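User: Please take a close look at one buried lysine in this model and at the packing around it. I would like one connected account.

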Amino acid sequence: MPDVEPPGPRAEDLRIVARYDQGPISEDEVKAAVRDYLVADGFVVEVAWGRSPGIDIVATRSDGRRLVIEVKAEKGVTGAQQHNYFVGMLGELVQRMNDPAATYGIALPDNGQYRGLVNRLPSYARERLGLVVFWVSRQNDAIVVRLEQ
């Protein structure tokens, strides 16, 4: 697997000012926050908004770096539904792994259940996939993105 630097600022979180309702974070809110995060790091980003088919986010940069990211929303309740969404997104991502030079990632609302699911993913599997995780959370009137490798 090629050595790829993580995208995005490293010193601190990038805060994207947004004025959304304070309910669960929607998939399009996660997509918008990750898009803004990547654009600030020099990527050109294509997003499949709403229920559009295909890869949720594809980001490329002039240095040849390419990111392929699957995104999920936060549901109002935790439980089996979020678990099924997580497993489904991993399956979708694996099916899209056709570029050995790309970095593959997932973007999720930062909540306890999704954190637990990511933490329970075997480290060997995560390393083999080269998986990066974008955590998206609300903080007051901002949506914050954190990158985890």
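Analyst: A residue is called buried when its relative accessible area is under 20%, and exposed when that area is over 50%. The model is a predicted one. By that cut-off K72 counts as buried, because its relative accessibility is 12%.

K72 lies in a loop, the one that joins β4 (66–71) to α2 (80–95). Setting aside residues up to four places away in sequence, K72 touches E27, V30, Y85, M89, E92, A107, L108, P109 and Y114. Several of these names return in the surroundings described below.

Start with the helix that follows the loop. The axes of α2 and α3 (residues 112–120) come within 10 Å and cross at roughly 45°. At that angle α2 is oblique to α3, and the crossing is right-handed. On the α2 side the contact is made by Q82, H83, Y85 and F86, and on the α3 side by Q113, Y114, L117 and V118. Sorted by class, this contact has 5 nonpolar and 3 polar residues, with no charged ones. Two of the residues in it, Y85 of α2 and Y114 of α3, are also touched by K72.

Next, the nonpolar cores. The largest one has 20 residues, and those with the most contacts inside it are V34, L38, I57, I69, F134 and V136. At least two residues of this core come from each of α1 (27–40), β2 (44–47), β3 (57–60), β4, β6 (132–139) and β7 (142–148). The most is given by α1, with 5 residues. A second core, separate from this one, has 16 residues, including F86, M89, A102 and Y104. M89 is among the residues that K72 touches, and F86 takes part in the contact of α2 with α3.

Within the largest core, I57 can be followed further. Leaving aside neighbours within four places in sequence, I57 is in contact with K31, V34, L38, V45, E46, V47, L67, V68, I69 and V71. Among these, V34, L38 and I69 are also listed with the most contacts inside that core.

Last, a position in β7, a strand that supplies at least two residues of the largest core. V145 is found in β7 and counts as buried because its relative accessibility is 0%. V145 and W135 are 10 residues apart along the chain, and their C-alpha atoms are separated by 5.5 Å.

Methods:
Residues are numbered from 1 along each chain as its sequence is written. This is a predicted model: local features need pLDDT of at least 70, side-chain atom pairs count only at pLDDT 80 or more; totals for chains, interfaces and linings use all residues. Side-chain values use heavy atoms; hydrogens and water are left out. Helices (H or I, at least four residues) and strands (E, at least two) are DSSP runs, numbered from the N terminus. Buried means under 20% relative accessible area, exposed over 50%, partly exposed in between (1.4 Å probe, protein chains only). Contact means heavy atoms within 4.5 Å. A nonpolar core is a set of buried Ala, Val, Leu, Ile, Met, Phe, Trp, Tyr and Cys residues joined through side-chain atoms within 4.5 Å. Axes are lines fitted to C-alpha atoms, for helices over the stretch in contact, and angles run from 0 to 180 degrees between N-to-C directions. Angles under 35 degrees count as roughly parallel, over 145 as roughly antiparallel, 65 to 115 as roughly perpendicular and the rest as oblique. A crossing is left-handed if the near helix is turned anticlockwise from the far one by less than a right angle, and right-handed if clockwise. Ala, Val, Leu, Ile, Met, Phe, Trp, Tyr, Cys and Pro count as nonpolar, Asp, Glu, Lys and Arg as charged, and the others, Gly among them, as polar.
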